[in-house]
Every structure is written in C-alpha cells, then in structure tokens.
Amino acid sequence: MLVENEGPSPLAVIVASSAELVADHAGVQALLEREGVASLALVVPTDSAGAEALTRWMAQAVAVRRLPVRLVVPGSLLDHWLSLSPDISIPLLVLGPAPARRTLRETWFPRLRFASDTVDDRLAGWGGDVAAVVAPDDTLAARRLVRAAVRGRVVMLSGESVDPPSPHPDPGAWREAIAILRGYWEGQVEVQVDVGVGEEGNEGER
C-alpha cells in the first residue's frame, strides 16, 4: 500500500540538454499529469547564473508557495548539473545511469568484489532525498550513486527505456517512481518492478 502525503500536488521540474530532448519527456509528463503530478520540462542552464536562477525559483516555490518541488535529471546530465554547483536541498530523481569516471582498479580488475562495494560520492553533499530510476543493467551503478545520499532508493523499470524515456511509458513500470515524486519514501530500499508478469514488485532492505 502506497502512502500519499496530504497537501498541494507536487511539481516535477525535468531538465534536458536541448529543446529536442525536452520533447522526449512529453510521454512521461502526460503520465505524471494523469497521476496528479504537475511537471515542467526545460533546457538545463549552461552557466552557473542560469542554474542559480532556477534553483532560487525552486527554493522560493518551496518556501513561499509551500509547493513540493522535485528535480528530475537524466543521468547523462548529472555531472553537468552538479558542475554548476546549485545550492538546493530538494528531492532528486535521476533518470537512467549516471556515468562516472572509472577508477584504475575498476578498469583493470572490473570483476573484483570491491568494485561493487565502492561508493559513487557525487551526491554525498546533496541535501534532499535521492532516487535513481534505471533499467535492470544499470542497477549496480545506481546503488553506488544513491549509497552516498542521506536517504536513497533504486527503482528498476523492466522493459522500459529510461534515458531518454519511452514516448509511451507503462504506468505499471513507473508506479514506484511516480510514488516517489508524490512524496512516498521508505528509507533505503530497492524496488523491483516486473511488468511482464504483472507482479506488484518486491521491496527489501538494501
């Protein structure tokens, strides 16, 4: 049973690298609207001044209008966004893998156990909750990314494209991601959604 927070509907701010890629999120936006989540898709700022203006607007929406704002960033844009040093502490949803520079050890010994135990600390300083929405093949990178966050989740979408998202996303596959955008969190857990067999999904402590 998913528990929804009472209060105003959340706003998902989706960033993309170009106007063409903004359009790629139209299907997800339509799905979010049907599920009661408002959304705004825009091109990510190219400089720190633009990022500061955007983060200031989001902070004001939270503080003044009491609007629950969620930031949605494709994994391919995560490093660019963080390089702008946005000063914000709102929930963050990362869509798809966020490629990280591999260490020398991982390059030469990719199968060693310690490679899976390392932590991707790029989001260690992020003040809000973090979730990574990924395809099955990207779960290891996602776990490493959210492990550094104060509170993080991994949501696995079976049979769905994530970055860029499917033009006609399956509501069942996106169920947990939408729940997170609506304010449902349950500590550090991993969620698996298997759309093909119609199961509700499994949750377990990470």
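A cavity here is a set of grid points where a 1.4 Å probe fits but cannot get out. Keep that in mind, since we'll come back to it: the largest cavity in this protein has a volume of about 70 Å³. What you're looking at is a predicted model, so let's start with how far to trust it, and then work through the inside and the surface.

The mean pLDDT of the protein is 76, with 77% of the residues reaching 70 or more. Confidence peaks in helix H2, residues 26-34, at a mean of 94, and it bottoms out in strand S8, residues 202-205, at 36. Two stretches call for caution. Over residues 1-5 the pLDDT stays under 50, and the model gives that stretch nine contacts beyond four places in sequence. Residues 186-206 also stay under 50, and there the model has 52 such contacts. Where pLDDT is low, the predicted coordinates should not be read in detail.

Now for the overall build. The protein has 206 residues, of which 44% count as buried. Its secondary structure comes to eight helices and eight strands. If you take the contacts between residues at least 6 apart in sequence, 64% of them join residues at least 24 apart.

Next, the nonpolar interior. The largest nonpolar core has 30 residues, and the ones that touch the most other members are Met58, Leu71, Leu92, Leu123 and Trp126. Two or more residues come from each of strand S1 (11-16), helix H3 (48-63), strand S3 (69-74), H4, S4, strand S5 (130-134) and helix H7 (139-146). There is also a second, separate core of 23 residues, with Ala16, Leu31, Val72 and Ile180 among its members.

Leucine 92 is a good place to zoom in on the largest core. Setting aside its neighbours within four places in sequence, leucine 92 is in contact with Leu71, Val73, Leu78, Leu123, Trp126, Asp129, Val130 and Ala131.

Back to the cavities. The structure holds three of 30 Å³ or more. Which residues line the largest cavity? They are Ile14, His25, Val28, Leu32, Val72, Leu93, Leu95, Trp174, Ala177, Ile178 and Leu181. By class, that makes ten nonpolar residues, one polar and no charged ones. H2, strand S4 (92-95) and helix H8 (175-181) each supply at least two of the lining residues, and H8 gives the most, with three. Val72 turns up twice in this tour: it lines the largest cavity, and it also belongs to the second core.

Leu95, another lining residue, leads us over to valine 134. These two are 39 residues apart in sequence, but 6.4 Å apart in space, C-alpha to C-alpha. Valine 134 lies in strand S5. Is valine 134 buried or exposed? Its relative accessible area is 1%, so valine 134 is buried. Not counting residues up to four places away in sequence, valine 134 touches Gly96, Pro97, Thr139, Ala142, Val154, Val155, Met156, Leu157 and Val162.

One of those partners, threonine 139, is found in helix H7. Threonine 139 counts as buried because its relative accessibility is 11%, and the cut-off for buried is under 20%. Beyond four places in sequence, threonine 139 is in contact with Val134 and Met156. Its C-alpha atom is separated by 8.2 Å from that of proline 97, which sits 42 residues away along the chain.

For contrast, take a couple of residues out at the surface. Serine 85 lies in the loop between helix H4 (78-83) and S4. Its relative accessibility is 55%, so serine 85 counts as exposed. The C-alpha atoms of serine 85 and alanine 51 are separated by 8.0 Å, with their positions 34 residues apart along the chain. Aspartate 121 is in the loop between helix H6 (113-117) and S5, and at 54% relative accessibility aspartate 121 counts as exposed too. Aspartate 121 and valine 146 are 25 residues apart along the chain, and their C-alpha atoms are separated by 8.5 Å.

One last stop, for the backbone. Where is proline 164 found? Look in the loop between strand S6 (152-157) and H8. Aspartate 163 and proline 164 are joined by a cis peptide bond, with omega at about 0°.

Note on methods:
Residues are numbered from 1 along each chain as its sequence is written. This is a predicted model: local features need pLDDT of at least 70, side-chain atom pairs count only at pLDDT 80 or more; totals for chains, interfaces and linings use all residues. Side-chain values use heavy atoms; hydrogens and water are left out. pLDDT is the predictor's confidence in each residue, from 0 to 100. Helices (H or I, at least four residues) and strands (E, at least two) are DSSP runs, numbered from the N terminus. Contact means heavy atoms within 4.5 Å. On a 1 Å grid over the protein atoms alone, a cavity is a set of points where a 1.4 Å probe fits but cannot get out, and a pocket is an open set with protein on both sides within 12 Å along at least five of seven lines; lining residues have an atom within 4 Å of a point. Grid points are joined across faces, edges and corners, and a volume is the space filled by probe spheres set on the points. Ala, Val, Leu, Ile, Met, Phe, Trp, Tyr, Cys and Pro count as nonpolar, Asp, Glu, Lys and Arg as charged, and the others, Gly among them, as polar. Buried means under 20% relative accessible area, exposed over 50%, partly exposed in between (1.4 Å probe, protein chains only). A nonpolar core is a set of buried Ala, Val, Leu, Ile, Met, Phe, Trp, Tyr and Cys residues joined through side-chain atoms within 4.5 Å.
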